[in-house]
Each structure stands twice: as structure tokens, then as C-alpha cells.
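Visitor: Hello! I am new to reading protein structures and would love a close look at one small part, followed by a walk through the rest.

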Amino acid sequence: MQYTQHLTLDVFKQEQFQYIHAKQFDHCARQLVITPTANGEPLGIPATATATFRCLKHDGTSVLNPTTIDVEAGTITFELTDQALACEGMARADVSIIDGENIISTLTFYILVDKV
């Protein structure tokens, strides 16, 4: 079973805090699909770009996970791994889009990891 949640994340403005709720140690069950925007307009991800999910867990350790980019849809998809969900509490996360030497990141979203 895999559940998908969709988020729109801007690279310039944060109108409201966006939270994802997850359960500690979930494994291969939660997938996020991010639509990056720039001031509310579709960002337009270059075909040559890659992206990375970055997460700073509540205990101060971090996770970097690969993503899949759908250039035509303008989305970035990744799994919330069991390592990303290993620590109970609030985690800070974003997605970095890398194209050559250019790097741009979405603004922060939060993952509230509930204890098992």
C-alpha cells in the first residue's frame, strides 16, 4: 500500500506553513508529489535538472533522498523513507532543484512524525 499526498511549494513566498502528518517508522507507504512554483506560477523544471529531498529531523540528524522529476507535469515525487520518519517530532524539509551549477530550493515544509 502506498499513499500519495500532493503539495504545492513556492521558491519565493511562504503564505502559510504546510504540514505533513506521518507515523514513525512507516516503510514504503508514503509518497509526496511536489509542484514547485515561483510566486504562485509553475516553476518549469528543466529536462536536465535533478532534485533532492532534504530533511532535518527533530534529533538534529539529516536525510537526503533522491527524487523523480516529471518535467511535463512539473512535479517532483519522492518517498518519505523509514529513515526520514525515524525520529518522533517535527522535521523541517524542502526540495532542492539542481541544474548544472544552479540550485534553487522550495521554502520549508514540516513533517509531524507521530510516535509509534
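Could we begin with one residue: is Asn-39 buried, partly exposed or exposed?

Guide: Happy to help! Before we zoom in, please keep in mind that this is a predicted model. Asn-39 is partly exposed, with a relative accessible area of 47%. That label follows because a residue is called buried under 20%, exposed over 50%, and partly exposed in between. You will find Asn-39 in the loop between S3 and strand S4, which covers residues 41-42.

Now look at the company Asn-39 keeps. Leaving aside residues up to four places away in sequence, Asn-39 touches Asp-10, Phe-12 and Lys-13. Take Lys-13 from that list: Asn-39 and Lys-13 are 26 residues apart in sequence, yet their C-alpha atoms are 6.4 Å apart in space.

Phe-12 gives us a path to another residue. The C-alpha atoms of Phe-12 and Ile-104 are separated by 9.8 Å, with these positions 92 residues apart along the chain. Ile-104 belongs to strand S10, residues 102-105. Like our starting point, Ile-104 has a label from the middle range: a relative accessible area of 31% makes this residue partly exposed. Not counting residues up to four places away in sequence, Ile-104 touches Val-11, Val-95, Ser-96 and Ile-97.

Let us step back and see the whole chain. The chain has 0 helices and 11 strands, so reading from the N terminus you meet β-β-β-β-β-β-β-β-β-β-β. The radius of gyration is 14 Å, close to the 13 Å that the globule rule gives for 116 residues, so the chain is as compact as a globular protein of that length. Along the principal axes, the C-alpha atoms fill a box of roughly 40 × 30 × 25 Å. The pairings we met along the way fit a wider count: among contacts with a separation of 6 or more, 70% are between residues 24 or more positions apart.

What about inside and outside? Buried residues make up 41% of the 116 residues. The accessible surface comes to about 6,600 Å², and 52% of that surface belongs to carbon and sulfur atoms. As for charge, the chain has 7 positive and 14 negative side chains, and the centres of these two sets lie 10 Å apart.

For a look at the buried side, try the aromatic rings. A search of the whole structure finds 3 aromatic pairs. One of them joins Phe-53 and Phe-109, with 6.5 Å from centre to centre and 35 degrees between the planes, and this pair is tilted. Phe-53 lies in strand S5 (residues 50-56) and Phe-109 in strand S11 (residues 109-114), so their pair ties together parts that are 56 residues apart in sequence. Phe-53 counts as buried, at 0% relative accessibility, and Phe-109 counts as buried at 0% too. Ring pairs also bring in Phe-78, linking Phe-53, Phe-78 and Phe-109 into a cluster.

A loop residue can be buried as well, and Leu-85 shows this. Leu-85 lies in the loop between strand S8 (75-79) and strand S9 (89-99), and has a relative accessible area of 0%, so Leu-85 is buried. Beyond residues up to four places away in sequence, Leu-85 touches a list of residues including Ala-22, Phe-25, Arg-30, Ile-111 and Val-113. His-58 is 27 residues from Leu-85 in sequence, and the two are 10.0 Å apart, C-alpha to C-alpha.

Phe-25, one of the residues that Leu-85 touches, deserves its own stop. Phe-25 sits in the loop between strand S2 (19-23) and strand S3 (30-38). At 48% relative accessibility, Phe-25 counts as partly exposed. Its backbone has a feature to check: phi is positive, about 70 degrees, although Phe-25 is not a glycine. Cys-28 is also placed in the loop between S2 and S3. The phi of Cys-28 is near 55 degrees, again a positive value in a residue other than glycine. At 39% relative accessibility, Cys-28 counts as partly exposed.

To return to where you started: Asn-39 is in the loop between S3 and S4, with Asp-10, Phe-12 and Lys-13 among the residues that Asn-39 touches.

Methods: Residues are numbered from 1 along each chain as its sequence is written. This is a predicted model: local features need pLDDT of at least 70, side-chain atom pairs count only at pLDDT 80 or more; totals for chains, interfaces and linings use all residues. Side-chain values use heavy atoms; hydrogens and water are left out. Rings of Phe, Tyr and Trp (its six-membered ring) pair if their centres lie within 6.5 Å; planes under 30 degrees apart count as stacked, over 60 as edge-to-face and the rest as tilted. Helices (H or I, at least four residues) and strands (E, at least two) are DSSP runs, numbered from the N terminus. Buried means under 20% relative accessible area, exposed over 50%, partly exposed in between (1.4 Å probe, protein chains only). The radius of gyration is taken over C-alpha atoms; the globule rule is 2.2 Å times the number of residues to the power 0.38. Contact means heavy atoms within 4.5 Å. Accessible areas come from the Shrake-Rupley method with a 1.4 Å probe; for residues, only the protein chains shown count as cover. Lys and Arg count as positive and Asp and Glu as negative; His and the chain ends are not counted. The place of a charge is taken as NZ of Lys, CZ of Arg, CG of Asp or CD of Glu.
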